[in-house]
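Got the model open? Let's take a walk through it together, one strand, loop and hollow at a time.

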Amino acid sequence: MLPPCFYRVSTKALIAQAGKIVLVMEPDGRWELPGGGLEVGESFTSGLTREIKEELGVNISKVSPKPVYVWTLVDRDPVKGAIPKLVLAFKTSVDSLNFVYNPEESSQIDFFTPEEIKKLNLHPNIQNLAHVLDLKDLD
């Protein structure tokens, strides 16, 4: 368990297309932004690039120089306990929208409007984002 003053840093991709955002369904049935935790020594961009390749099977073509959204939360894991997290969400472009999901990472990939996202079974990592997400921030 991490001490309360340490945060697990997670980078997330905001991939927008026609007024919708890409979400992946985790193996537990909850929807989440693609991306994940940084490995020791990784930059934000290299970690996000690795995660997008693992989860969506595509390459990143562009990442915003700064995160569009930043938030913290405490993820309550039944095995690992309380995990303080810092989440950085970057506007991200990919080289293809022909996603190939990895069954170890997700069971479904789809696009949703901000209103549709609010009605989904969301992973705790993005529950607060659903209420502030504005596609104008991704222009």
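Which residue in strand 8 is the bridge partner of Val-74? Look along strand 8 and you'll find Pro-84, the residue that Val-74 bridges to. That pair belongs to a bigger pattern, in which strand 7 and strand 8 pair in the antiparallel sense over 9 bridges. To get from strand 7 to strand 8, the chain makes a hairpin through 3 residues.

Before we go on, a word about what you're looking at. This is a predicted model, and the protein chain has an average pLDDT of 92, with 96% of the residues scoring at least 70. The confidence isn't even along the chain, though. Among the elements, strand 6 (residues 60-63) has the highest mean pLDDT, at 97, while helix 3 (residues 129-132) has the lowest, at 88.

Now stay with strand 8, and see what else pairs with it. Strand 6 runs antiparallel to strand 8, and 3 bridges join the two. For a landmark, find Lys-62, whose bridge partner in strand 8 is Ser-93. Strand 1 is another partner, but here the pairing with strand 8 is in the parallel sense, over 7 bridges. You can trace this pairing with two residue pairs: Lys-12 has Ala-89 as its bridge partner in strand 8, and Leu-14 stands opposite Lys-91.

Follow strand 1 (residues 8-14) a bit further. This strand is mostly covered, with 5 of its 7 residues buried. Strand 1 is also joined by 3 bridges to strand 5 (residues 35-37), and those two run antiparallel. Thr-11 is a handy place to look, as its bridge partner in strand 5 is Gly-36. While you're looking at strands, keep in mind that in a regular strand the side chains alternate between the two faces of the sheet.

Gly-36 turns up again when we move to helix 1 (44-56). Glu-51 has its place in that helix. Is Glu-51 buried or exposed? Glu-51 counts as buried because its relative accessibility is 8%, and the cut-off for buried is under 20%. Leaving aside neighbours within four places in sequence, Glu-51 is in contact with Gly-35, Gly-36, Gly-37 and Glu-105.

Time to look at the empty spaces. Rolling a probe the size of a water molecule over the atoms shows where empty space is left. The largest pocket holds about 510 Å³ of space. Its lining is made up of 23 residues, and the ones nearest the centre are Glu-26, Asp-75, Lys-85, His-123 and Asn-125. Some elements you've already met show up here: strand 1, strand 5, helix 1, strand 7 (69-77) and strand 8 each give two or more residues to the lining. What classes of residue make up the lining of this pocket? There are 15 charged, 6 polar and 2 nonpolar residues.

The largest cavity tells another story. There is 1 cavity of 30 Å³ or more, and the largest cavity has a volume of about 50 Å³. Lining the largest cavity are Leu-14, Ile-21, Leu-23, Leu-33, Ile-117, Ile-126, Leu-129, Ala-130 and Leu-133. Strand 3 (20-25) and helix 3 are the elements that give two or more residues to this lining. By class, the lining has 9 nonpolar residues, with no polar and no charged ones. Notice Leu-14 in that list: you met Leu-14 earlier, standing opposite Lys-91 in strand 8.

Let's finish in the loops. Ala-18 lies in the loop between strand 2 (16-17) and strand 3. Although Ala-18 is not a glycine, it has a positive phi of about 50°. Ala-18 counts as exposed because its relative accessibility is 75%, where exposed means over 50%.

The other loop to visit runs between strand 8 (81-94) and strand 9 (108-112), and Asn-102 lies in it. With a relative accessible area of 23%, Asn-102 is partly exposed. Not counting residues up to four places away in sequence, Asn-102 touches Glu-54 and Glu-55. For a sense of distance, try Ser-61, which is 41 residues from Asn-102 along the chain: their C-alpha atoms are separated by 20 Å.

Note on methods: Residues numbered from 1 in each chain as written. Predicted model: local features only at pLDDT ≥ 70, side-chain atom pairs only at ≥ 80, totals over all residues. Heavy atoms only, no water. pLDDT = per-residue confidence, 0-100. Helix = DSSP H or I, 4+ residues; strand = E, 2+ residues; numbered from the N terminus. Buried < 20%, exposed > 50% of the residue type's maximum accessible area, 1.4 Å probe, protein only. Contact = heavy atoms within 4.5 Å. Pairing = 2+ DSSP bridges. 1 Å grid on protein atoms, 1.4 Å probe; cavity = no way out; pocket = protein on both sides within 12 Å on 5 of 7 lines; lining within 4 Å. Points joined across faces, edges and corners; volume = space filled by probe spheres on them. Nonpolar A, V, L, I, M, F, W, Y, C, P; charged D, E, K, R; others polar.
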